[in-house]
Amino acid sequence: MNLILFTFIVLLGFTSYYFGRKKAYTIQSTKKRLTALPQFYGYYLAIWCAIPAFIIFSLWAIFEPTIVKLLILSDYSNQGYLDDELNLLYEKSKALSRGQFTGEITPFIEASAEKYLSLRSIAQSSKVVIVLSAIIASVAYAYKRISSNSRTREPVEKFLNAVLFTASLAAILTTVGIVFSLIFQTIDFFKVIPLFDFVFGTHWYPAKAFVRDSSEALDPTMYSDTFGAVPIFAGTFFIAFIAMCVAIPIGLMSGIYLAEYASTKVRQYAKPLIEILAGIPTVVYGFFAALTVGPFLKELGTSMGLEVSAESALAAGGVMGIMIIPFISSLSDDVITSVPQNLRDGSYAMGATKSETIKRVIFPAALPGIVGSILLGVSRAIGETMIVVMASGLAANLTLNPLESTSTITAQIVVILIGDQAFGDPKTQAAFALGMSLFLVTLCLNIVALRVVKKYREKYE
Amino acid sequence: MRKNGVKMIKIKAKDVDVFYGKKQALFNISLDIEENQVTALIGPSGCGKSTFLRCLNRMNDVIDICSVKGEILINDFNINDKSCDVVRLREKIGMVFQKPNPFPKTLYENVSYGPTIHGMAQSKQEMDEIVETSLKKAALWEEVKDRLHEPGTGLSGGQQQRLCIARAISVRPEVILMDEPCSALDPIATAQIEELIDELKKEHTIIIVTHSMAQAARVSQNTGFFHLGQLIEHGSTDKIFKNPDNKKTQDYITGRFG
């Protein structure tokens, strides 16, 4: 029903566009000068068709269920039911009206279900009537306005402005909402676990929190030595560091090669090939690290008499580095290519060789962009989850030995949230606290990146 | 400069052809450039004068699809020969571009760039001297001596162009190529550069590509007129401007086409 109505309104919109434009042509044919191009007249009419429909639809969606519920429950208001019971009753009659009710059907519920159905159908038909009459009224009003050749361009432009503004507002509000949910859950977490224990504790063992029976009272002391985040922060930065050790040199050098040395033909094939690396899902990198690189490193280590864990930070970090190479390579390639040719010419004309030109002129000029691409790579390394979960294990060891296994913030969030979770439980809230810290770290990185870029910009432009 | 009344020829181009891919941009150019004189290359846009200029320090090497045929003798040495060391060549032949292109570095680093890559200074003191003399010769020293360590990109357009000239002369080149050096500048900055060119010709041979015939008449002693990839006429500036042999030259000079 709603779908039909919606389609009909869309058709009405198109029709009013058509009539608006036609009206404009009629006005034009009387040798009068139009105030805007004919299609603006059409858009104007279509907008006047869409706005009332949209407003009424949203009002209906917001208020219809509440009003229906009030009307149904008003029958029982004097019979001494509790609120909870009333709610249950209402849900039961709703289910019955849809034919999904399996329990015992009392006359009460049956009556309400019937009433519910009739109320809904009244609501539906009145919606149709109200929407259509509103559309007709507003389109008629708008048609009258364009008939007198009043302005249409400005309202249409304003409407577009408003639509775009709403879209960006939605994006911003979502972000703000997510951040606030993070903040509140994190605050709840720190009500149970002292901030000090979280930031400076060296023992991360959330499994301990899993054994709590939820019927028991919450006893904060049992969590001491459970949520010490130092090992996983250390693990996160350590693995990211290994990844960047792989990604920065290789990515940067291949970027420089592609931008400055590679012939057009090589570049034509090599660049897409490198960018394919960026298209491989991280899960694939994950099992590549866990099943190929990890065991390989272990064997290699054993043959050299080293003790290597099958799930080592080195395997995870190395593969993560490979994953990040295309970002750094592709971005720095773009940045280097965008250095103006006249700087290169100036340097070559002084008798500088290619490598001198790159080292002394192009690299410094491209530095802000290169730093930006590296920091972007670091953000990705810190936020990467799958590879670590699969290749570096879940035990949060505090270690700086790349041959041992260690864990990261993201991997621990996975550990905590896999399986049953209860809201309001410290172990779930721990995930929010970790998410919050991850967010703060990435935020700081981004701010630093922006600062660096800006500083160099000011200096060189 | 004349020695015993004989003009000294610095650069001798013989039958130079230039191709961009399959398209021929220069046809059979033969031109002698006199030492310590200013030679202006004039002609309508796209006539190949900049292409010819870029042949003289092999800047066309940078363009993949560009190939140069023929001989260009500088001090009787063919720079198109395989044995020619481009790094040494460009040390001897400096270039100033149409748009000022200072490096995104400090003023000091801009001027010391060439001497550094050619290993011309043994000490910081020597380098300071080179930077100072180059800036003085480029008539920029007085304006910038207190801010040598600020970025070169912070200067005005005319100052930037003089900085580029200082950069070019820092390695004491024998020849300076100028590719429309004033086209991005205002009249006052242009006048300063022209004055500078006059001064520089005492020590350097200068070849300047210009769109402004007034400029060619003001600064040059010799002029070559290019049209559609061919060198139509060349000779002393006086002659080209007052009494050209070729009708096309006459038409161009008098503004009848171009």
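**Two chains and the contact between them**

The domain assignment of chain A gives two parts, domain 1 covering residues 2–151 and domain 2 covering residues 223–460, and I should say straight away that what we are looking at is a predicted model. The C-alpha centres of domain 1 and domain 2 of chain A lie 52 Å apart.

Staying with chain A, I would like to point out helix H13, which runs over residues 354–383 and therefore has 30 residues, yet its end C-alpha atoms are only 37 Å apart, whereas a straight helix would reach 44 Å at 1.5 Å a residue. If you follow H13 of chain A along its length, you will find a bend of about 60° at A:Leu367, with a proline, A:Pro368, following within four residues.

Now to chain B, whose secondary structure comes to 10 helices and 12 strands. Its radius of gyration is 18 Å, which agrees with the value near 18 Å for a compact globule of 258 residues, and along its principal axes the C-alpha trace of chain B spans about 55 × 45 × 45 Å. Of the 258 residues of chain B, 46% count as buried, and among its contacts between residues at least 6 apart in sequence, 67% join residues at least 24 apart.

Finally, the contact between the chains, which takes 23 residues from chain B and 19 residues from chain A. On the side of chain B that touches chain A, helix H2 (86–92), strand E8 (93–96) and helix H3 (107–117) each supply at least two residues, and the residues of that side of chain B divide into 11 nonpolar, six polar and six charged.

How values were computed. Residues numbered from 1 in each chain as written. Chains lettered and ligands numbered in written order. Predicted model: local features only at pLDDT ≥ 70, side-chain atom pairs only at ≥ 80, totals over all residues. Rg over C-alpha atoms; globule rule 2.2 N^0.38 Å. Buried ≥ 20, exposed ≤ 12 C-beta atoms within 10 Å, placed from the backbone. Contact = placed C-beta atoms within 7 Å. Domains from an automatic or database assignment. Bend = angle between axes of the 7 residues up to and from the residue. Nonpolar A, V, L, I, M, F, W, Y, C, P; charged D, E, K, R; others polar.
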